[in-house]
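Reader: Hello! Could you take me on a close look at one loop of this model, and then show me what else goes with it?

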Amino acid sequence: MKLSIFLEQIPDEGIAWWQNLASGLGWTLGTAFFAWIIAFTLGSIVGVVRTTDKHWLVRIGNAYVELFRNIPLIVQFFVWYFVVPNVIPAVKAWVIAADPTEFQFATSIVCLGLFTSARIAEQVRSGIQSLSHGQRYAGYAIGLTQAQTYRYVLLPMAYRIIIPPLTSEVMNLIKNTSVAFSIGLVELFFRTREMAEMTFRYFETFAAATLIYMVIAMSANRIMALVERRVAVPGYITGGK
Amino acid sequence: MGNLDFDVIGRTLPYLMQGLQYTVQLTLVAALGGTIFGTLLALARLSSFKPLALAASGYVNLMRSLPLLLVIFWFYFLVPVLVQTVMGWERPPQIGAERSAYVTFIMFQAAYYCEIMRAGIQSISTGQVGAAYAVGLTYWQAMKLIILPQAFRNMLPVLLTQTIVLFQDVSLVSLLNVTDFVGAAVKIAQRDSRVVEMYLFVAVVYFVLCYALSYLAKLLQQKIAIVH
């Protein structure tokens, strides 16, 4: 055990190893943050679409979810990173002009965002379907349009009910960011492996990463529990107490 | 797009199938080992002996908060050291990523199967446990003959869904240079500069297999009514 390794300077870099890991953590959280915005927006739209009475819309929504759920994440990364620029000339032109880090960051956000959106769509759909039909009819009965019924009646209930599974998805997203290592994004896992390989301090380095991931998981859990308590629907059984 | 050559798939199919065989093999072994170990973990979590319950839940929570990739690399360099210590050898044995992956996935998967089995065990009414004790069965007999068969049956669709996730997760071993299905495709894609063809092929194969398996899980769900 040699904990002082984290304070040692990286040869020719001018920063210490712990700073290198911290920068990796920054990329992990940044990627997860932007991917979550995409995932939550698209996931909500697809989830809602799958509960409407338009059969063709439901079909498209289902196909979307099946597509992203049945292909391993790393393969999706390869498709976005290697295949898409090769078959779409406009993307290729952008890739050549862009800085490689920018391209890796953008690819990771899009890939993780779409991958996670399919899972959120599934949660949103089951949240809406768990509500009694009476709520929808009540909305229509007081003269709301379908869009208004979703906006003011169904979604405010559904979102609050699905907070626990959404918590798991936030944590899955942060963990899945490590797969961006496969396309060279300098996130936390990339930095961990780099440090282990260069210092030969495998145990210390991986223990540090383990600790960081555990702290992230615990914080995400606490924050979501707080949110859950804040927005709890009176009369519904909720966790996070 | 004019110069795509999908014949490369035909030419390298035997090699790709070898990779797929490793993927399937690792999935099956990890599913079996993970179920056994996960069930034991679930029993430990539900145990009235507090230290055991605490240790089990600590293990499960740790595994579930870590990215699989980190766990894969942990075991990759930890397994040889552990074998060395246990066997008292002078240097760590050459185990290789192909074999250490079996240990990794059994241990990692066990944490996820544990939570499923725990839910399954808890779905059986406690009256059944009481009844088993009343007719004179021991704890292990009650579990083996009464509780676990029902828990397993109720949770079969969920276990299958988790196994489909496992089947996809196995692809991460390709980052340790293992020749699983994805690893084989990566190697050919790089050797022959055929990234587009290879990665599209892998995506399609995974999609077809996983879609078929999840359809099967859905059928199973309808067939197995929950027994209370």
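**A loop residue and its surroundings**

Author: Happy to. In this predicted model, A:Phe200 sits in the loop of chain A that runs between helix H9 (188–199) and helix H10 (202–230). Its backbone is what catches the eye: phi is positive, about 60°, although A:Phe200 is not a glycine. Is A:Phe200 buried or exposed? Counting other C-beta atoms within 10 Å gives 10 for A:Phe200, and a residue with 12 or fewer is classed as exposed, so A:Phe200 is exposed.

Chain B offers a second case to set beside this one. B:Asn177, a residue other than glycine, also has a positive phi, near 70°. B:Asn177 belongs to a loop too, the one between helix H6 (139–169) and helix H7 (181–192) of chain B. Inside 10 Å, B:Asn177 has 12 C-beta neighbours; because the exposed class takes in residues with 12 or fewer, B:Asn177 counts as exposed as well.

From these loops, let us turn to where the two chains meet. Here 26 residues of chain B are in contact with 26 residues of chain A. On the chain B side, helix H3 (68–87) and helix H8 (195–223) each supply at least two of the touching residues. The largest share comes from H8(B), with 11 residues. As for chemical class, the side of chain B that touches chain A has 21 nonpolar residues and 5 polar ones, while charged residues are absent from it.

Terms used. Residues numbered from 1 in each chain as written. Chains lettered and ligands numbered in written order. Predicted model: local features only at pLDDT ≥ 70, side-chain atom pairs only at ≥ 80, totals over all residues. Contact = placed C-beta atoms within 7 Å. Helix = DSSP H or I, 4+ residues; strand = E, 2+ residues; numbered from the N terminus. Nonpolar A, V, L, I, M, F, W, Y, C, P; charged D, E, K, R; others polar. Buried ≥ 20, exposed ≤ 12 C-beta atoms within 10 Å, placed from the backbone.
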